[in-house]
Amino acid sequence: MRVIIIILLIIFLSITSLLGVTMISMEKNTENIQKDGEESLATYSSDKKDIPDSRIQTMDSTQKFFITNPDLVSENTNITSAEDTVEEPEDPDNENDKISSDNTNQAQENNDNTQTTENENESKENEDNKEKEEEEEIKKGTMKFFLDGDMENGIYLGETISNLESAEALQFYGEDFINTGFKFNIENDSILNLTTGSTHYIYIYFYTEKLEWDYIREEISLSGEEESEKKITIFIEKPEDKTTIESLDLIKGWSVDLRNKENPGITNIEIYLDGPKGYGKSIGNAEYGMSRDDVAAHLENPGYINSGYSYEKHVDLEPGSTHTVFIYALSSTDNSFNYETRDIHISGAREEKAIINQQINTQKFLENNLIEITGFAIDRGILEQYLKEKKEAEKESFGTDGQYNIKKIIFNSNRDGNENIYSINIDGTGLIRLTTSQGNDMYPEVSPDGSKIAYTSDIGGVWQIMVMDWGGQNKKQITRGNYRCAYPAWSYDGKYIYFEVYKDGDWEIYRINSDGTGKKRLTFNNNSHDWHPTGHPSEYKIIYESGATGHENIYVMNHDGSGKRKICGDEARRRVPDVSPDGSKITYMRYTGGNCDIWIMNYNGKNETRLTSNSDEDGHPSFSPDNNYIIYEERKGSREDLVLINIITGEKTNLTSSSYIDKDGSFLYR
């Protein structure tokens with residue numbers, strides 16, 4: 001029995017001892033876990049400076065939670081230090097939790113990266129916008145000047161700002177546009193080296209409010225004798241001079257050095273665009289030595305048979321642009337040369353964004369090698385908005401309610417022997433003679449504001465364009481030359497006068513500033529007439545008549561000569577157009593056989609309506625400023641009378657009725 005008791009006691013003591021060791025071990029393990037957690041937190045804190053703040057906050061919270069709650073740390077939870085990494089076996093039951101945790105951390109990291117990228121992009125965008133605003137602020141009103149080529153191909157001369165006072169801008173557009181002038185000097189130094197007698201082209205660029213460039217191209221001829229060998233003959237067959245073409249694809253002709261009798265004596269044909277050799281853009285050499293029996297026969301020298309040249313490559317040019325082709329023939333005998341030029345216009349329209357008025361003074365070139373350019377530049381969009389508002393204000397005071405103080409008709413008559421300009425009240429009273437010259441005065445046209453009258457006057461046997469005040473005072477001649485100039489028409493703002501010139505056997509349309517400067521040819525139609533222009537009432541466009549005799553029709557173009565297009569079809573002969581003040585209608589003469597009547601149609605050429613039916617002829621119709629009437633001339637045998645037709649009612653009233661010829665009526669409302 002005692003033995004049994006001793007054995008049980010030994011077993012009890014063993015169990016008690018074993019339990020004590022186990023509890024001590026558990027307490028020690030708990031202390032180690034807490035100690036390891038504190039060391040891990042310390043190591044983490046020292047390294048967390050390279051981790052995004054949002055992630056640090058999340059990790060800090062997680063670490064603190066488990067450190068302060070060690071009983072919640074499961075046997076599969078990893079809390080590691082930088083020096084002691086414990087790998088635990090994977091538990092399939094906890095894999096989803098691990099993936100979820102990883103995804104959460106990755107999503108947080110992606111959000112932080114996205115936010116950083118967005119901030120960087122926003123910062124870059126703000127910098128770009130700031131730079132763009134600064135660039136735009138600098139460029140508004142900037143003038144840039146190029147020689148013998150556009151901005152891409154020309155020689156850069158320099159720039160300035162159009163912010164000077166301009167008396168011309170004040171005169172044309174009022175005080176709101178006085179500070180639009182500019183002045184720029186070209187110094188002919190050893191690098192530029194312009195020579196006497198040479199011809200060049202100045203491209204003047206202007207940066208508009210819409211932050212777009214527009215430009216004009218002006219020719220300058222420097223006085224003096226140009227160096228070239230006149231014995232070298234060069235002839236250009238294609239392209240034809242002063243023509244409108246679809247594209248520049250062919251340049252051809254022939255050339256010989258007459259000093260050489262055995263062969264053509266030409267070593268090369270060089271072609272340049274918009275400027276002479278050394279200045280214009282080189283577009284290549286033509287193929288030379290092509291057989292030309294006609295040249296050999298014409299020059300009576302069989303040695304000149306291989307004198308032809310041809311250049312057959314497409315030259316990319318802007319639609320609506322004007323260019324000059326310089327073609328040089330170089331002698332094989334020595335270093336001498338000769339050249340010829342061709343002016344061409346590329347068909348199509350080029351939007352005009354600015355009005356650039358310039359005067360180029362080359363008088364100082366011989367004295368001090370200086371070319372002076374002055375003028376003014378105005379953003380067309382700003383001007384058109386200004387004029388629109390001004391027109392609206394004037395309409396409230398006058399236009400549609402008929403409250404003009406003066407309503408007259410200006411016309412041409414032979415009632416005093418030769419043809420003169422007269423005015424008459426719209427009710428047929430108050431006839432006044434405005435011109436008293438010895439020659440004939442014809443085709444009067446009243447300016448848009450009613451203050452001026454442009455007309456044609458026979459001066460010394462040559463027709464010229466004249467301008468006078470509405471009452472006949474202050475007559476001024478604005479064209480001069482040996483060619484007949486006739487049929488003036490005003491631009492909507494009164495700045496320009498469009499007119500026709502009889503040159504090279506046909507009529508062509510020109511433009512000139514209303515002060516007589518800046519004459520420019522707009523059409524180059526050698527096969528038929530371009531004439532009888534009229535200005536659009538609110539745009540820089542010209543409506544005119546074009547075509548061979550018997551096949552005339554109505555066209556429209558931009559006032560730089562670009563964008564020519566026919567308004568209506570060829571089923572009828574239409575002549576002498578005029579546009580209504582609101583720009584919606586065109587009145588004109590339409591022929592039926594040899595007889596013509598007055599018609600009206602929409603501006604787009606649709607809805608043609610006949611207004612008169614005369615057994616003889618009705619002609620030269622013109623709208624009144626209030627859009628209520630059309631005046632035209634009615635022929636009856638040898639006499640012509642002025643007749644008013646009410647557009648709304650169709651009622652006709654004779655303004656004049658005499659044995660004389662009264663014609664070419666134009667309304668003057670003030």
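Hi everyone, let me start with one small detail: the side chain of threonine 612 reaches the backbone nitrogen of isoleucine 598 at 2.9 Å. That falls under what we call a polar contact, a pair of N or O atoms within 3.5 Å, where within protein one must be able to donate a hydrogen and the other to accept it, and where residues adjacent in sequence count only if both atoms are side-chain atoms.

Before going on, a word on where this comes from. This is a predicted model, so local features need pLDDT of at least 70 and side-chain atom pairs count only at pLDDT 80 or more, while totals for chains, interfaces and linings use all residues. Residues are numbered from 1 along each chain as its sequence is written, and side-chain values use heavy atoms, with hydrogens and water left out.

How confident is the predictor? The protein averages a pLDDT of 82, and 77% of the residues score at least 70; pLDDT is the predictor's confidence in each residue, from 0 to 100. Over residues 24-101, though, the pLDDT is below 50, and this stretch has 36 contacts in the model beyond near neighbours in sequence. A contact, by the way, means heavy atoms within 4.5 Å. Where pLDDT is low, the predicted coordinates should not be read in detail.

Now the overall picture. The protein has seven helices and 40 strands. Both are DSSP runs numbered from the N terminus: helices are H or I with at least four residues, and strands are E with at least two. Of the 670 residues, 44% are buried, where buried means under 20% relative accessible area, exposed means over 50%, and partly exposed is in between, using a 1.4 Å probe and protein chains only. Among contacts with a separation of 6 or more, 49% are between residues 24 or more positions apart.

Back to threonine 612. Where does it sit in the chain? Threonine 612 is in the loop between strand E35 (609-610) and E36. Its relative accessible area is 3%, so threonine 612 is buried. Leaving out residues up to four places away in sequence, threonine 612 touches Asp597, Ile598, Asp618, Tyr632 and Lys652. The C-alpha atoms of threonine 612 and cysteine 596 are separated by 9.1 Å, and these two residues are 16 residues apart along the chain.

Strand E36 itself (residues 618-623) holds serine 622. Is serine 622 buried or exposed? Serine 622 counts as buried because its relative accessibility is 7%. Its contacts, again not counting residues up to four places away in sequence, include Asp578, Thr587, Tyr629 and Phe667.

Next, the sheets. Strands of a sheet pair through backbone hydrogen bonds, either parallel or antiparallel. Here, two strands pair if DSSP finds at least two bridges between them.

One open sheet has five strands in the order E7-E14-E13-E9-E10, with mixed pairing. Strand E7 (243-245) and strand E10 (281-285) stand at the edges with a single partner strand each, so one side of each has no neighbour in the sheet. From one strand to the next, the twist averages 35°; for such angles, axes are lines fitted to C-alpha atoms, for helices over the stretch in contact, and angles run from 0 to 180 degrees between N-to-C directions. Inside this sheet, strand E9 (residues 266-273) and strand E13 (residues 322-331) run antiparallel and are joined by seven bridges. Isoleucine 269, for instance, has alanine 329 in E13 as its bridge partner.

Another open sheet has three strands, ordered E3-E16-E15, and its pairing is antiparallel. Its edge strands are strand E3 (181-187) and strand E15 (354-361), each pairing on one side only. Here the twist averages 20° from one strand to the next. Seven bridges join E3 to strand E16 (residues 370-379), and isoleucine 186 stands opposite isoleucine 371 in E16.

Finally, some backbone oddities. Most residues other than glycine have a negative phi, and most peptide bonds are trans. Yet the peptide bond from lysine 238 to proline 239 is cis, with omega near 0°, and proline 239 is in the loop between strand E6 (232-238) and E7. Asparagine 474 is not a glycine but has a positive phi of about 55°. It counts as exposed, at 58% relative accessibility. Asparagine 627 also has a positive phi, of about 70°, and lies in the loop between E36 and strand E37 (629-636). With a relative accessible area of 27%, asparagine 627 is partly exposed.

Thanks for listening!
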